[in-house]
Structure formats: structure tokens, C-alpha cells
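Q: I would like to learn how to read a protein model step by step, from its overall division down to single elements. Could we take one example and go through it together?

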Amino acid sequence: MRPGHDRPSTAVEDYLKAVYVLGEHGGGEVGTSLVAERMGVQASSVSGMVRKLRELDLVEHARYGTIALTAEGRRLALAVVRRHRLIEQLLVTEFGYGWDEVHAEAEALEHVVSDRLVDAIADRLGNPATDPHGDPIPDRAGEVARWDARRLSEMTPGAEGDLVRVDDDTAVLQHLTAHEVGLGDRIGLIRREPFGGPFVVRVGERELQFGPELVDALWVRV
């Protein structure tokens with residue numbers, strides 16, 4: 001039995017979380033195609049689930065329009081996001097996992113841990129503000145700290161700041177680990193090579209070349 005009698009099904013939680021996360025940093029509109037890509041399903045499957053979520057008053061969605069969480073949908077989404085990110089932080093801090101190894105574990109555990117255990121994890125870790133990738137962790141009341149950072153790809157040459165978030169993509173995280181790049185590093189954009197070439201980036205005292213997809217996954221606070 002799923003812990004907590006007021007929790008929705010795993011599928012409902014997964015979709016609500018997907019809508020929240022897609023809108024969290026993207027700053028754009030969340031459509032069915034984006035949700036389908038993130039969930040790894042067909043757009044028709046998303047449309048069917050969105051109809052169900054709308055009937056449950058968890059999302060607002062006009063035909064061919066964008067998907068928006070209702071107040072209750074946002075509350076439920078933030079609850080599962082909190083569980084997921086605290087579990088990721090626990091695995092890194094207490095069990096020695098790498099930041100590229102925690103996502104799948106958290107995906108499975110987020111649906112079965114009790115709220116009491118989640119709060120105990122938060123207490124154990126000292127109520128961390130962010131997870132291993134720099135994403136903000138909602139507090140017990142479902143509040144999320146304001147988050148100000150820009151993608152490195154959007155910065156002008158010569159600008160620099162602190163690396164505060166990395167998109168939770170296994171290949172990206174592994175590549176950064178191999179190059180000894182992590183959260184808190186001072187990072188700056190030097191230039192982009194012509195004809196769609198790589199970005200030349202300064203990390204500390206080093207100059208590295210990163211492809212466009214990698215640079216787009218790095219978030220910097222100036």
C-alpha cells in the first residue's frame with residue numbers, strides 16, 4: 001500500500017512532477033509534446049492522462065493549449081519533488097553515490113517513502129536548500145526558495161559567475177565529473193568558436209571546450 005492515504009497513484013505523481021519540473025527553469029509553456037519527451041511516451045498517452053488530471057482538478061488544459069498545474073496539482077507536485085530531491089541528497093551525502101547515480105534510485109523510492117521518513121531525512125541532512133544538482137528542495141510547507149541563475153549559453157563572452165545548477169542528465173554529469181567540474185566552481189564564458197564550433201569556457205584557472213548541449217545544461221549565478 002502506498003504511504004499516506006491522500007497520495008495519488010504513481011502515474012499521477014509522475015505526470016504532475018514532469019509538468020512542474022518542465023516549467024520550473026524553462027520559463028516557457030509546457031505542452032503535451034514536452035511532457036511526452038520527458039516521460040518517454042507517446043503524445044496520445046499524455047493527452048489521455050491530462051484529461052484524467054483535469055477531471056481530478058489537478059491541471060488546467062485547453063485543447064491544443066499548454067498544461068498548467070492547479071493549486072492542488074502544484075501542492076502534490078511539490079511534495080513528490082521534495083521527496084525525490086531529498087532522497088538524491090541523502091544518497092550522495094550518506095551513501096557515497098555520485099551525482100550521476102542518484103536519479104533512478106530516487107525515481108523508485110519517491111513513491112514509497114512515508115512523509116515521516118522524508119522529514120527525518122531532511123532533519124538528518126540539516127534541511128538542505130538544494131539537491132546534488134543544485135535544484136531547490138521544497139520545504140515542509142511546500143515553499144520553494146527563489147532561484148536566480150542563467151544558462152551559461154545565454155551569457156555574453158567575458159561574463160562569469162558561480163556554477164549553481166546542472167541539468168539532471170547522466171551523460172552531462174559524467175562528463176563534468178571526468179573534467180573535475182562541480183557545483184560552486186567559478187566558471188566563465190570566454191568565446192564561441194566560429195561556424196557553430198564549441199564554447200571556450202574558463203573553469204577556475206583552466207580553459208575547456210564544451211559543446212552547445214553541455215553549455216546549455218550549466219546554470220550560473222553572476
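A: Let us begin with the broad layout of this predicted model, in which the chain is divided into domain 1 (1-146) and domain 2 (150-221).

Q: How far apart do the C-alpha centres of domain 1 and domain 2 lie, and how many residues of each are in contact?

A: The C-alpha centres of the two domains are 26 Å apart, and at their contact 9 residues of domain 1 meet 13 residues of domain 2.

Q: At what angle do helix 4 and helix 6 pack, and which word describes that angle?

A: Helix 4 (residues 71-95) packs against helix 6 (residues 115-125) at an angle of about 45°, and their axes are 10 Å apart. Because angles of 65 to 115 degrees count as roughly perpendicular and those under 35 degrees as roughly parallel, helix 4 is called oblique to helix 6. The crossing of helix 4 and helix 6 is left-handed.

Q: Which residues meet where helix 4 and helix 6 are in contact?

A: Among them are Arg82, Arg83, Leu86 and Leu90 in helix 4, and Asp115, Val118, Asp119 and Ile121 in helix 6. Sorted by class, the contact of helix 4 with helix 6 has 6 nonpolar, 2 polar and 6 charged residues.

Q: Do strand 6 and strand 7 run parallel or antiparallel, and how many bridges join them?

A: Strand 6 (residues 199-203) and strand 7 (residues 206-210) run antiparallel and are joined by 5 bridges, with Val200 standing opposite Gln209 in strand 7. These two strands form a hairpin with 2 residues between them, and Gly204 in the turn has a positive phi of about 65°.

Conventions
Residues numbered from 1 in each chain as written. Predicted model: local features only at pLDDT ≥ 70, side-chain atom pairs only at ≥ 80, totals over all residues. Heavy atoms only, no water. Pairing = 2+ DSSP bridges. Helix = DSSP H or I, 4+ residues; strand = E, 2+ residues; numbered from the N terminus. Axes fitted to C-alpha atoms, helices over the stretch in contact; angles between N-to-C directions. Parallel < 35°, antiparallel > 145°, perpendicular 65-115°, else oblique. Left-handed = near helix turned anticlockwise from the far one by under 90°. Contact = heavy atoms within 4.5 Å. Nonpolar A, V, L, I, M, F, W, Y, C, P; charged D, E, K, R; others polar. Domains from an automatic or database assignment.
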